[in-house]
Amino acid sequence: MTGLEEKANFRLPNFETLGVLGRGGMATVWKARQVSLDRFVAIKVLLSQFASTENDIRQFRTEAQTAAQLKHPNIVEVYDANFSDGFYYFVMELVDGYTMGELLRRKGDMPVEDALVIAESVAVALDYAWTFHQMVHCDIKPDNIMADADGTVKVTDLGLCRTLTLIKEADEKESDEIFGTPAYMSPEQVYGDAHIDCRSDIYSLGASLYHMITGYTLFQGLDNDAMMRAHVGGVQAPDPREFAPQLKPAVVVVLERMLAKHTSLRYRDWKQVLADLKKIQDGKIVWSTQMPPLSSSVKRSSG
């Protein structure tokens, strides 16, 4: 890591940086105080490799402007985004809480009821983003799902992940790379489809829900390349009832459809997902559709 990302302190107009909150594969997150409004914020500084051409910068600003329009209680708010001295950065709401990824690393899994409530909150947020702004997240995973101090579930990095995808596609040197997190990627992301829609995020939320319920990722134990091949091939993860025997069959039915390998077999949109999640929570029947053999990334055993 070089340049702005690794400095103990750096200067941005109107912000006083207060220290690093975390580092990841694509960005460093800083805590800062926005001087003009006297409020604490999070600033996510993207790695320098993502800042290369004028087209990149234009695309970044366009996507950032769209992300800044999202106003929803279950989405981490983007206040501002800019490009300065060769670096992209997002100024975001500072959430006092933890990610589901952190929780899973501490506890292994979580109660099914909690996982379903979290999945429902994420689905509501992404339904809003898709319905009103045609935005797809592209990297839904437990580490991008947060709970704040009062328990509100929030999706983070909405807008940022799509921005990075488009920047990488615009760069010929990176055109053969795939953006996303292998354990949760939809098959169409693995194929590099540039025209994905909300069904890609539905798959990724299904993979996240499977992990939250069972404590295991879909294809745990495989390396990244083998994991991506498993998403698109005839490989299936075990029925989640092998890890959580108390799980209602309706939950497995919903996971099977969310994790259909082909978009035509998946839920059509978030409203369908939400309708079935509500049925589960209300103790109602979720009607099962006959899926072709090996057409889902999760196995549904008989019984």
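## Salt bridges, starting with Asp239

A salt bridge here is a side-chain nitrogen of Lys or Arg within 4 Å of a carboxyl oxygen of Asp or Glu. In this predicted model, Asp239 and Arg241 make one, with their closest N and O atoms 2.8 Å apart. The contact between these two side chains also counts as a polar contact, again at 2.8 Å.

Where does Asp239 sit? Look in the loop between α7 (224-232) and α8 (249-258). Despite being in a loop, Asp239 is buried, because its relative accessible area is 2%. Its partner Arg241 also counts as buried, because a relative accessible area of 17% is under the 20% cut-off. Leaving out neighbours within four places in sequence, Asp239 touches Val252, Lys299, Arg300 and Ser301.

## How far to trust the model

The chain has an average pLDDT of 86, and 83% of its residues reach at least 70. Residues 1-8 fall below 50, and this stretch has 22 contacts in the model beyond near neighbours in sequence.

Another weak patch is residues 170-178, where pLDDT also stays under 50. For that stretch, the model has 10 contacts beyond four places in sequence.

## Other salt bridges

How many salt bridges turn up in the whole structure? The search finds 15. One of them joins the side chains of Asp157 and Lys44, at 2.9 Å from N to O. Asp157 is in the loop between β8 (153-155) and α4 (160-170), while Lys44 belongs to strand β3 (residues 39-46), so this pair ties together parts that are 113 residues apart in sequence. Both Asp157 and Lys44 are buried.

There is also a salt-bridge network, which links Glu16, Arg33 and Asp38.

## Helix α9

Helix α9 covers residues 270-281, which makes 12 residues. At 1.5 Å a residue the helix should span 16 Å, and its end C-alpha atoms are indeed 16 Å apart, so the two figures agree. At the start of α9, a side-chain oxygen of Asp269 comes within 3.2 Å of the backbone nitrogen of Lys271. Just past the helix, Gly283 has a positive phi of about 75 degrees.

Which residues of α9 are buried? They are Trp270, Gln272, Val273, Leu274, Asp276, Leu277 and Ile280. The cover over them includes α3 (112-133), α6 (198-214) and α8.

The helix carries a salt bridge of its own, between the side chains of Lys279 and Asp276 (3.8 Å, N to O). These two are three residues apart in α9, so about one helical turn separates them. In an α-helix there are 3.6 residues a turn, so residues three or four places apart point the same way. The two ends of the bridge have their own labels: Asp276 is buried, with a relative accessible area of 10%, whereas Lys279 is partly exposed, at 29%.

## Helix α6

Now for α6, one of the helices that cover the buried residues of α9. From its first C-alpha to its last, this helix of 17 residues reaches 24 Å, close to the 24 Å expected at 1.5 Å a residue.

Is α6 mostly covered or mostly uncovered? Mostly covered, with 16 of its 17 residues buried. After the helix comes Gly215, with a positive phi near 85 degrees.

## An aromatic pair in α3

The whole structure has two aromatic pairs. In one of them, Tyr128 and Phe132 have ring centres 5.7 Å apart and planes at 45 degrees, so the pair is tilted. Both residues are in helix α3, and because they are four residues apart, about one helical turn lies between them.

Which of the two, Tyr128 or Phe132, is buried, and which is exposed? Tyr128 counts as buried, at 14% relative accessibility, whereas Phe132 is exposed, with a relative accessible area of 60%.

How values were computed. Residues are numbered from 1 along each chain as its sequence is written. This is a predicted model: local features need pLDDT of at least 70, side-chain atom pairs count only at pLDDT 80 or more; totals for chains, interfaces and linings use all residues. Side-chain values use heavy atoms; hydrogens and water are left out. pLDDT is the predictor's confidence in each residue, from 0 to 100. Contact means heavy atoms within 4.5 Å. Buried means under 20% relative accessible area, exposed over 50%, partly exposed in between (1.4 Å probe, protein chains only). A polar contact is a pair of N or O atoms within 3.5 Å; within protein, one must be able to donate a hydrogen and the other to accept it, and residues adjacent in sequence count only if both atoms are side-chain atoms. The expected span of a helix is 1.5 Å times one less than its number of residues. Rings of Phe, Tyr and Trp (its six-membered ring) pair if their centres lie within 6.5 Å; planes under 30 degrees apart count as stacked, over 60 as edge-to-face and the rest as tilted.
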